[in-house]
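These exercises walk through one protein chain, each with a task and a worked solution. Please look at the sequence and the structure before reading on.

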Amino acid sequence: MIELENISRIRNNQSIDLNKITALSYHAFFDLSIKLFEQESKHCLTYFAYKKDKGLQFIMAVADDENHDIILLSHFLKSSEKQELKSLSETIFALHIFESEIHENFGVDFLNHPWLKPVRFAHNRANKKSQISNYPFYAIQSEELHEVGVGPIHAGIIEPGHFRFICNGENVLHLEIQFGWQHRGVEQLFLDKKHNLQRNILAENIAGDTVIGHTSTFVQTMEALADKQVSEQTQIERALALELERIAIHTGDIGALCTDAAYHLGSNVFAILRTLIINFTQFWCGNRFGKSLIRLGGTHLPFTEEFKKELLEVLLKFEKQFNEMAYVTYHLPSIQNRFDFVGTVSQKQARLIGTVGVSARMSQIERDIRVSHPNFAYQKYPYKTITAEKGDVFARFLLKKKEIARSIAWIRNLMDNYQFEASKTEKPNYNLTLQTNKLAISINEAWRGEVCHCAITNEEGNLEHYKITDPSLHNWKALELSLRNVEISDFPINNKSYNLSYCGHDL
């Protein structure tokens, strides 16, 4: 029996030789996984398989929040062996989505899995007969119940996704969410594109509202593979951009929730305030969403003292108006009555399904990469996690307001204590030489929650596999649970209170 202390561990933004990752039998892999996830301080970052030699190589990355590192587990399934494994999801439900994806991609059967349903109908899936057009949605046979289908086509400019409700009158008994309408093959594109600038731009388009979150994680992964150390200022600038992205999106979400509650004054004011932040991002790099800012090895657009002065003025104006509007909004009886005790997910449920980010912190789970696996910027300028208690719409609504205030405070602390100089940064380097036979992993706390990228190189130093895990993959199940035993008219505010990503899921 292999003990936990003998298992491979790495830090965030580090790489490891593939031959140093302990190869386990599936029996040992299974038992160790069960032992690990008995501890609340550990959760799964990613679990995937890729074709190697004559079989499938399985990798699981487990975040150890107590020891601030990442545990790597591995096992190999030969193609000559029966393509079935005992399901971990039967005991650790949070792994259900990862096993389902492996099943869909490679046809591996996970015995006793609670529900091996398609994840995204990938174009290169194992079973091409599995079609989204004839997917058998979960059904309850009853003359008293009816089904309501929403999507995949939406009224607004939004990615496609289908929501199937089973209702008793207006009361929702069950919601099933199904994606796969726009699988783009993003992970394969990272292998197909051979120039790092192409990959850098591709990372900016993984999810349009998380440009900084995904691009920062991409460059850190590649820099780890190349053993490239970037300057302190560049690392601090990336964290600053990440916090600005968080402030902007959270503000927009608060405004959108006001729209769904028919409070149009709040909707308009918060939309205007969001524009203040994204306009500063445009002032910094020329793009409101931060495209062109984050680059491998450095940046063409270093933060300067001039930008600092402008940002402090923007934050002063933003904070004054935001606090005034938020005080009115959050004390309105109509808002409180609309959001309070609606769409509740308990702490027990949130842990069971493996939520991350805001979707975990809404239920008093202190899961935050900035604290548990901080990069240089958050080590130098520590961040303190905020949680809410009730796990309902109002908890998500309130948490975003508090996180905006905490992000502004973090930025002010940074501005007061760090002297920015363009000479402290390097220009981008797209010709980094990747080390051979390495695995690198990077995680960041984006505005929705943890973004995880994992890359593997072969003997020639070329990318052999690239794996992306968006926080939405962990959290869509929470939205499904939120609709249990509430009226179907509560779906829009529940959906918006999470604001999960369709394209981050479908990749």
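Two strands pair if DSSP finds at least two bridges between them, where strands (E, at least two residues) and helices (H or I, at least four residues) are DSSP runs, numbered from the N terminus. This is a predicted model, in which local features need pLDDT of at least 70 and side-chain atom pairs count only at pLDDT 80 or more, while totals for chains, interfaces and linings use all residues. Residues are numbered from 1 along each chain as its sequence is written, and side-chain values use heavy atoms, with hydrogens and water left out.

**Exercise 1. Describe the chain as a whole.**

Solution. Begin with the elements: the chain has 17 helices and 14 strands. Its radius of gyration (taken over C-alpha atoms) is 22 Å, close to the 23 Å that the globule rule (2.2 Å times the number of residues to the power 0.38) gives for 507 residues, so the chain is as compact as a globular protein of that length. Next, take the extent of the C-alpha trace, which spans about 70 × 65 × 40 Å along the principal axes of the chain. Then turn to burial, where buried means under 20% relative accessible area, exposed over 50% and partly exposed in between, with a 1.4 Å probe and protein chains only; buried residues make up 58% of the 507 residues. Finally, consider contacts (heavy atoms within 4.5 Å): among those with a separation of 6 or more, 68% come from residues 24 or more positions apart.

**Exercise 2. Find the strands that pair with S6, and say how S6 sits in the structure.**

Solution. Strand S6 covers residues 69-78, and eight of its ten residues are buried, so S6 is largely enclosed by the rest of the structure. Work through its partners in turn. Strand S1 (residues 9-10) pairs with S6 in the antiparallel sense over two bridges, with Ile10 opposite Ile70. Strand S3 (residues 23-24) also has two bridges to S6, but in the parallel sense, and here Leu24 stands opposite His75. Strand S5 (residues 55-64) pairs with S6 in the antiparallel sense over ten bridges, and Val62 faces Ile71 in this pairing. As a last step, look at the turn: S5 and S6 form a hairpin with four residues between them, and His68 in that turn has a positive phi of about 60°.

**Exercise 3. Is strand S12 covered on one face or on both?**

Solution. Start from a general point: in a regular strand the side chains alternate between the two faces of the sheet. In S12, Lys438, Ala440, Ser442 and Asn444 lie on one side, while Leu439, Ile441, Ile443 and Glu445 lie on the other, and since all of them are listed as buried, both faces are covered. Eight of the eight residues of S12 (residues 438-445) are buried, so the strand is largely enclosed by the rest of the structure. Now add the neighbours: S12 pairs with strand S2 (residues 14-17) in the antiparallel sense over four bridges, and Ile441 is the bridge partner of Gln14. With strand S13 (residues 450-457), S12 pairs in the antiparallel sense over seven bridges, and Glu445 stands opposite Glu450. The hairpin of S12 and S13 has four residues between the strands, and Gly449 takes a positive phi near 150° there.

**Exercise 4. Locate Glu243 and Asp253, and list their contacts.**

Solution. Glu243 has its place in helix H6, and at 0% relative accessibility it counts as buried. Leaving aside neighbours within four places in sequence, Glu243 is in contact with Arg370, Tyr378, Ser407, Trp410 and Ile411. Asp253 also lies in helix H6 and is buried, with a relative accessible area of 3%. Under the same exclusion of neighbours within four places in sequence, the contacts of Asp253 are Lys400, Trp447, Lys496 and Asn499.

**Exercise 5. Which helix gives the most to the lining of the largest cavity?**

Solution. H6 gives the most, with five residues, and H5 (211-225), H6 (232-260) and H7 (264-285) each supply at least two. The lining has 16 residues, of which Glu245, Ala248, Ile278, Arg288 and Phe289 lie nearest the centre of the cavity.

Notes. 1 Å grid on protein atoms, 1.4 Å probe; cavity = no way out; pocket = protein on both sides within 12 Å on 5 of 7 lines; lining within 4 Å.
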